[in-house]
Structure formats: structure tokens, C-alpha cells
Amino acid sequence: MAKSDSFFLRGKVSTNGVTFEQTEIDLGSYVNLGVSKSTLLRIHNISVQVLGKSSTIQTISDGSAFAMLHQLTTQSQTEIVYADDKSLIASGSLRAYNAQTSEDGSVAGDFTTGFVTQHFDVAPQDFTNGYLVGVDSLFLGCDLSSAVTDMSICYVMECTLENASQANSVALALSQQ
């Protein structure tokens with residue numbers, strides 16, 4: 001098999017604002033290693049969606065901040081990892097701070113924000129040839145500060161399949177654990 005047409009894989013993980021949470025994305029139907037013709041997965045693009053579990057807008061109280069960190073890795077994790085961890089494929093964060101109040105000290109609206117930032121730390125969009133994967137599972141994890149609870153992160157990944165060759169096997173061995 002040469003490169004396949006692209007297809008989409010999806011993953012979702014929810015967190016309660018107290019602990020790191022992770023879900024496994026099974027690649028057993030796609031990645032086959034050790035057979036006469038090994039098949040690898042290449043991730044070309046990742047889109048991210050962040051929502052409350054009930055798809056409602058969450059509010060944060062005056063003077064509060066929250067951060068939601070998310071990651072996609074080739075190995076199971078117990079916390080958010082740094083970019084020097086070879087199992088990391090993509091990661092990002094969403095941060096907000098509610099700084100505004102009225103003169104009497106009350107919140108000046110349902111969701112008035114001092115700032116909101118969204119950052120994609122490591123993204124396949126920045127890679128020339130996508131991200132080659134040769135594992136049976138991916139792990140989508142997230143952690144959320146306690147100012148907001150019950151948030152979910154969803155990844156949609158555009159992927160192709162390709163035969164393992166000596167060149168992409170060396171590239172895979174150099175880039176992942």
C-alpha cells in the first residue's frame with residue numbers, strides 16, 4: 001500500500017478540575033508492526049475543541065483564573081509532559097482571567113474577561129511531513145485548574161496510512177520512544 005486517502009480520527013477527554021484525566025485512542029485497526037508489510041499512521045493536522053461537558057458557557061468569578069492544558073502522546077501519562085518528552089505529539093493550553101468588576105466590587109457581567117489565550121505548543125501543522133506514529137494507542141490527556149469544572153477537550157486528526165520503509169522506520173525511531 002502506498003499512502004492512503006486521508007481520514008479522520010477523533011478523541012475526547014473530560015476533566016473535573018481536580019485531577020489529570022486521559023483517554024486511550026485505539027490504533028489497532030490502523031497500525032500493524034512486525035508483519036511482512038508493516039503499516040504506519042501519519043497525522044497531518046489536528047483541530048481542537050474545548051467545551052463544557054454540557055456545551056454551556058462556564059463562568060469564572062471575579063479575580064479568578066483558570067488554565068486547561070491538553071496533550072496527545074504515544075505513551076500513557078500521569079500528568080502533562082514537557083515538549084522534551086519524546087512521547088509528545090501535540091499539546092496546548094487555554095487560559096482565562098476575570099479581572100473586571102463594577103465600582104461596588106461586584107462582577108460587571110456574566111463573563112467579563114481580563115484576558116483569554118489559547119496556545120498550541122506543538123502542532124503537526126508546523127511539521128513539513130506530518131507526524132509519523134507506530135504505536136497501538138494514542139493517549140489524549142488534559143488537566144484543568146479548579147476555578148472551572150467539567151470541561152472537555154476533543155481532538156480531530158487528519159491521518160493517512162503508509163507502508164513502513166527503511167527511511168520512515170529510521171525517522172520513527174529517532175522521533176519517538
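The exercises below work through a predicted model of a protein chain, each with a solution in steps.

**Exercise 1. The chain as a whole**

Task: State how many helices and strands the protein chain has, and in what order they run.

Solution: Begin with the count, which comes to one helix and nine strands. Then follow the elements from the N terminus on, where the order reads β-β-β-β-β-β-β-β-β-α. Finally, turn to contacts and burial: of the contacts with a separation of 6 or more, 79% are between residues 24 or more positions apart, and buried residues make up 41% of the 177 residues. The accessible surface of the chain comes to about 9,400 Å², and 48% of this surface belongs to carbon and sulfur atoms.

**Exercise 2. An open sheet and its helix**

Task: Give the strand order of the open sheet of four strands, and find which element packs on this sheet.

Solution: First, write down the order, which is β1-β9-β3-β7, with antiparallel pairing. Next, identify the edge strands, which are β1 (7-15) and β7 (131-133), since each of them pairs on one side only. Neighbouring strands of the sheet are turned against each other by 40° on average, when direction is ignored. Then look at the pair β3 and β7, which run antiparallel and are joined by three bridges; Arg42, for example, has Leu132 in β7 as its bridge partner. Lastly, helix α1 (residues 166-175) packs on the sheet, where it touches β3, β7 and β9 (151-163), and its direction makes about 95° with that of β7.

**Exercise 3. Ser38 in its loop**

Task: Decide whether Ser38 is buried or exposed, and list its contacts beyond its neighbours within four places in sequence.

Solution: Start by locating Ser38, which lies in the loop between β2 (21-26) and β3 (39-52). Its relative accessibility is 15%, and because buried means under 20%, Ser38 counts as buried. Leaving aside the neighbours within four places in sequence, Ser38 is in contact with Asn32, Leu33, Glu162, Asn163 and Ala164. To see how the fold brings together distant parts of the sequence, take Glu162, which is 124 residues from Ser38 along the chain, although their C-alpha atoms are separated by 8.5 Å.

**Exercise 4. Thr15 in strand β1**

Task: Determine whether Thr15 is buried or exposed, and what its side chain reaches.

Solution: Thr15 has its place in strand β1. With a relative accessible area of 1%, Thr15 is buried, because this value is under 20%. The side chain of Thr15 reaches the backbone oxygen of Thr19, at 3.1 Å.

Note on methods: Residues are numbered from 1 along each chain as its sequence is written. This is a predicted model: local features need pLDDT of at least 70, side-chain atom pairs count only at pLDDT 80 or more; totals for chains, interfaces and linings use all residues. Side-chain values use heavy atoms; hydrogens and water are left out. Helices (H or I, at least four residues) and strands (E, at least two) are DSSP runs, numbered from the N terminus. Buried means under 20% relative accessible area, exposed over 50%, partly exposed in between (1.4 Å probe, protein chains only). Contact means heavy atoms within 4.5 Å. Two strands pair if DSSP finds at least two bridges between them. Axes are lines fitted to C-alpha atoms, for helices over the stretch in contact, and angles run from 0 to 180 degrees between N-to-C directions. A polar contact is a pair of N or O atoms within 3.5 Å; within protein, one must be able to donate a hydrogen and the other to accept it, and residues adjacent in sequence count only if both atoms are side-chain atoms. Accessible areas come from the Shrake-Rupley method with a 1.4 Å probe; for residues, only the protein chains shown count as cover.
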